[in-house]
Amino acid sequence: MSQDRGPRRPRRLEKYALISASATALSLTASGCVVVHGEREVLPSATRAEAAKALEQFTTAYNAADKAYDASLDADHTTGALAAIDSARLKAGAANHPDGNPAHEPLELTDAKFTIPKKAGWPRWFVADTKANKGGTARWLLVFTRDGLDETWEAAYLTLVAPGKVPEFKTDQDGWAEAVPANATDMSVPPADLSKDYATYLQDGGKTFADGVHTSSWRALREKRSTRPGLVTQYIDEPLANGDYAPLALRTEDGGALVFFTSRHFEKQTAARGASVPTPNKDVLALTDGEIKQSLTMEFVSNEVALDPADGQVSVLGRVQGLTSGKGE
């Protein structure tokens with residue numbers, strides 16, 4: 001459970017390592033050819049048509065994978081936290097339903113609003129804010145990234161946010177948004193530190209994060225669960241902030257930022273002598289190695305979206321978490 005243990009499925013990191021960071025675009029001018037270097041030129045990450053196409057392709061691939069319970073069908077369209085959560089879900093589904101998903105209902109994403117930052121360098125990325133036919137009235141926020149002009153757009157983050165809670169973003173006269181650097185210091189917490197600070201808060205509390213469902217209420221629930229008779233439950237929280245799991249942030253109109261970030265969580269249930277760990281459901285068993293005799297350790301990946309103000313407490317607006325593995329002992 002140490003912090004230096006890498007994620008189980010660091011989707012596409014090997015591939016990214018082979019991609020040149022200096023993908024270039026060629027433009028013609030009256031005086032001849034001018035090379036525009038992608039790593040230096042500040043450009044919109046995508047056109048609005050490209051963003052719409054990426055969302056459409058993701059939805060098609062996601063539905064195919066969900067219907068067949070086959071992670072290979074959307075592997076080229078997911079990365080980071082979403083890939084880790086989605087692939088584990090599909091793996092469990094395939095183990096329990098080898099003929100496919102008997103409860104499949106196609107995902108429909110509508111009323112899409114795209115926020116596309118202008119930035120230099122890779123990765124380029126944008127946010128899609130949509131309605132969905134699942135998850136009640138919540139807005140689905142998906143973050144798409146790619147590391148080169150020839151790469152497929154991949155969804156790295158998926159969070160659900162209550163209606164009216166998505167902030168207004170700072171945009172220029174052409175409607176392009178502003179990406180906030182991970183090491184920015186003009187807000188309460190640099191985006192690069194949010195995952196680490198969130199893990200620390202869940203363990204120790206503090207004043208960094210405002211009270212809410214994903215902060216104080218979650219801590220209270222875990223405290224209650226840790227003291228059940230005959231069963232000890234321990235929690236360990238770790239940051240995930242590198243590579244495909246790097247945070248991404250957009251500047252809001254009020255000077256703060258909306259930040260997408262990832263964390264990892266372990267829950268270990270240990271039964272007292274003479275007692276037993278509660279029997280997990282079939283999906284948990286499908287992702288668990290070893291025999292559950294006296295303890296069960298479950299590993300979760302969680303992706304969060306938070307409002308990080310210029311001054312004040314950070315508010316976690318949404319969190320989607322998924323079991324990625326288990327170990328019985």
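How many aromatic pairs does the structure hold? In this predicted model, the structure holds nine aromatic pairs. One of them joins Phe-114 and Phe-126, whose rings are arranged edge-to-face, with 6.1 Å from centre to centre and 70° between the planes. Because Phe-114 belongs to strand 4 and Phe-126 to strand 6, this pair ties together parts that are twelve residues apart in sequence. The two partners are described by separate accessibility values: Phe-114 is partly exposed, at 23% relative accessibility, whereas Phe-126 is buried, at 0%.

Phe-126 also forms an aromatic pair with Phe-144, and here the rings are stacked, with a centre-to-centre distance of 5.2 Å and an angle of 15° between the planes. Since Phe-126 lies in strand 6 and Phe-144 in strand 7 (residues 139-146), the contact ties together parts that are 18 residues apart in sequence. Phe-144 is buried, with a relative accessibility of 0%. Phe-114, Phe-126 and Phe-144 are among the members of one aromatic cluster, which also includes Phe-58, Tyr-62 and Trp-153.

Aromatic rings also take part in contacts with charged side chains. The charged end of Arg-124 is placed over the ring of Trp-122, at 5.0 Å from its centre, and Arg-222 lies over the face of Trp-218, with 5.0 Å to the ring centre. Trp-122 is, in addition, the residue from which a cis peptide bond leads to Pro-123, with omega near 0°. Pro-123 itself is found in the loop between strand 5 (117-119) and strand 6 (124-132).

The backbone was further examined for departures from the usual geometry, given that most residues other than glycine have a negative phi and most peptide bonds are trans. Tyr-69, although not a glycine, has a positive phi of about 50°, and this residue is located in the loop between helix 2 (48-68) and helix 3 (80-96). With a relative accessibility of 16%, Tyr-69 counts as buried, because the cut-off for that class is under 20%. Asp-111, likewise not a glycine, has a positive phi of about 50°, but Asp-111 lies in strand 4 (residues 109-115). The relative accessible area of Asp-111 is 38%, so this residue is partly exposed.

Definitions and conventions:
Residues numbered from 1 in each chain as written. Predicted model: local features only at pLDDT ≥ 70, side-chain atom pairs only at ≥ 80, totals over all residues. Heavy atoms only, no water. Helix = DSSP H or I, 4+ residues; strand = E, 2+ residues; numbered from the N terminus. Buried < 20%, exposed > 50% of the residue type's maximum accessible area, 1.4 Å probe, protein only. Phe/Tyr/Trp six-rings, centres within 6.5 Å; stacked < 30°, edge-to-face > 60°. Lys NZ or Arg CZ within 6 Å of the ring centre and 35° of its normal.
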